[in-house]
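User: Please walk me through this model. I would like short questions and reasoned answers.

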Amino acid sequence: MSAGFSGEVVEFYAKYRRGYAQDVIGWLAEAFALADHGVVLDLGCGTGQLTVPLAARAHAVIGMDPEPDMLARAKDTAAGHGCTNITWLLGSDRDLPALAGLLGEHTLAAITMANSIHLLDYQRLFGAARPLLRPGGGIAVLANGTPLWRQDSAASGALRACLEQWFEVQLVSGCGTDQQSRREYAAALKATGYVEVRETVLIDREDVLDVEHVIGNLYSAIPARQLPPPQRRPAFEERIRQALPDGVFAERVRVSVLTGRVTLAGEVT
Ligand SMILES: C[S@@+](CC[C@H](N)C(=O)[O-])C[C@H]1O[C@@H](n2cnc3c(N)ncnc32)[C@H](O)[C@@H]1O
């Protein structure tokens with residue numbers, strides 16, 4: 001079943017998700033020598049929040065996502081920025097072998113997965129990605145902060161309790177940002193033969209969100225089919241306001257990237 005990044009959720013995503021700081025884009029460009037004819041596959045590219053700025057530093061980028069609405073929004077954003085070096089593909093992690101046939105072997109400098117790895121079959125993907133990557137190239141698994149309801153603060157706990165009650169679910173997943181998941185991804189990269197596997201923290205700071213941003217961020221993360229219908233939104237939003245009596249949310253913004261290479265940087269095979 002689709003993860004539900006469609007319909008209204010797309011606009012909430014584009015408006016209320018923090019994009020990627022230039023420092024992050026610059027770090028990826030350096031780490032994978034993108035200035036040297038670097039071609040990147042951004043898998044699970046969503047609305048293109050990483051794809052579009054990355055394209056300014058790469059020779060070419062492929063933005064791939066299984067959700068047509070996300071991809072359409074990404075295309076519009078790229079057109080608005082005058083990008084001409086992005087190819088958009090409707091597809092998922094399962095399409096990597098087909099992509100290898102199309103691109104040929106050892107063509108990609110990097111495959112980025114930003115806030116999307118928890119939706120993929122990462123073990124199979126890491127294997128399927130190897131033949132596509134050029135020497136020194138690799139995989140970058142980005143975590144762009146922690147979900148607002150999974151942070152280590154009283155406000156986050158209150159938000160989580162409120163959501164769990166409203167949706168009658170237990171919210172245990174860190175969406176691939178938690179330490180345990182990161183360790184599992186790192187172990188899987190090593191087990192698949194990647195080298196220089198390491199996690200690098202690029203940003204660690206606090207941001208203050210007003211309630212409108214908290215609600216917009218939540219709507220960007222709820223599958224479209226589960227969004228509260230318009231007539232129930234005032235009640236839902238009132239619950240969120242009650243959970244955050246200060247009217248603001250202090251968000252810890254920890255941006256990190258887990259990388260692994262097919263061969264050591266600079267090594268010629
Ligand atoms: C949380 S969004 C991240 C979007 C973007 N990378 C970003 O950082 O803003 C997750 C994206 O992964 C996509 N996705 C879901 N399942 C996928 C799969 N099996 N293969 C590739 N992408 C997938 C979703 O459609 C969605 O656009």
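The questions below cover two helices, two single residues, the cysteines and the ligand site.

User: Is S92 buried or exposed, and what is its relative accessible area?
Analyst: This is a predicted model. S92 sits in the loop between strand 3 (86–90) and helix 5 (96–103). Buried means under 20% relative accessible area. S92 counts as buried because its value is 17%.

User: Which residues does S92 contact, leaving aside its neighbours within four places in sequence?
Analyst: P66 lies 26 residues from S92 along the chain, yet their C-alpha atoms are separated by 5.2 Å. Contacts beyond the sequence neighbours of S92 are to L43, M64 and P66.

User: Where do the buried residues of helix 4 fall, seen down the axis?
Analyst: Helix 4 covers residues 68–80, and its end-to-end C-alpha distance of 18 Å is close to the 18 Å expected. Its buried residues are M70, L71, A74 and A78. They fall within an arc of 95°, so they line one face of the helix.

User: Which residues are exposed on the other side of helix 4?
Analyst: The buried residues pack against helix 1 (8–16), helix 3 (51–55), strand 2 (60–65) and strand 3. After helix 4 comes G82, with a positive phi near 70°. On the other side of the helix, the exposed residues are D76, A79 and G80.

User: How many disulfides does a search of the whole structure find?
Analyst: A disulfide is a covalent bond between the sulfur atoms of two cysteines. The sulfur of C162 has its closest cysteine sulfur in C175, at 17 Å, which is too far for a bond. C162 is buried at 8% relative accessible area, whereas C175 is partly exposed at 23%. The number of disulfides found is zero.

User: Which atom of the ligand lies 2.8 Å from a backbone N or O atom of A114?
Analyst: The ligand is surrounded by 18 residues, with Y20, G44, D65, D93 and A114 the closest. Polar side-chain atoms of Y20 and D65 lie 2.4 Å and 2.6 Å from an oxygen atom of the ligand. For the backbone atom of A114, the partner at 2.8 Å is a nitrogen atom.

User: Which backbone oxygen does the side chain of R261 reach, at 3.0 Å?
Analyst: R261 belongs to strand 7 (residues 248–261). R261 is buried, with a relative accessible area of 12%. Its contacts beyond four places in sequence include F32, G136, Y194 and E196. The side chain reaches the backbone oxygen of A31.

User: What arc do the buried residues of helix 8 cover around the axis?
Analyst: Helix 8 has 13 residues, 179–191, and its end C-alpha atoms are 18 Å apart, in agreement with the 18 Å it should span. S181, R182, Y185, A186, A188 and L189 are its buried residues. They lie on the same side of helix 8 because the arc they cover is only 160°.

User: Which helix and strands do the buried residues of helix 8 pack against?
Analyst: R183, K190 and A191 are exposed on the other side of helix 8. G193 follows the helix, and its phi is positive, near 95°. The buried residues pack against helix 6 (122–129), strand 5 (133–144), strand 6 (195–210) and strand 7.

Key. Residues numbered from 1 in each chain as written. Predicted model: local features only at pLDDT ≥ 70, side-chain atom pairs only at ≥ 80, totals over all residues. Heavy atoms only, no water. Helix = DSSP H or I, 4+ residues; strand = E, 2+ residues; numbered from the N terminus. Buried < 20%, exposed > 50% of the residue type's maximum accessible area, 1.4 Å probe, protein only. Contact = heavy atoms within 4.5 Å. Expected span 1.5 Å × (residues − 1). Arc of directions from axis to C-beta. Disulfide = S-S within 2.5 Å. Near = heavy atom within 4 Å. Polar contact = N/O pair within 3.5 Å; in protein donor to acceptor, adjacent residues only side chain to side chain.
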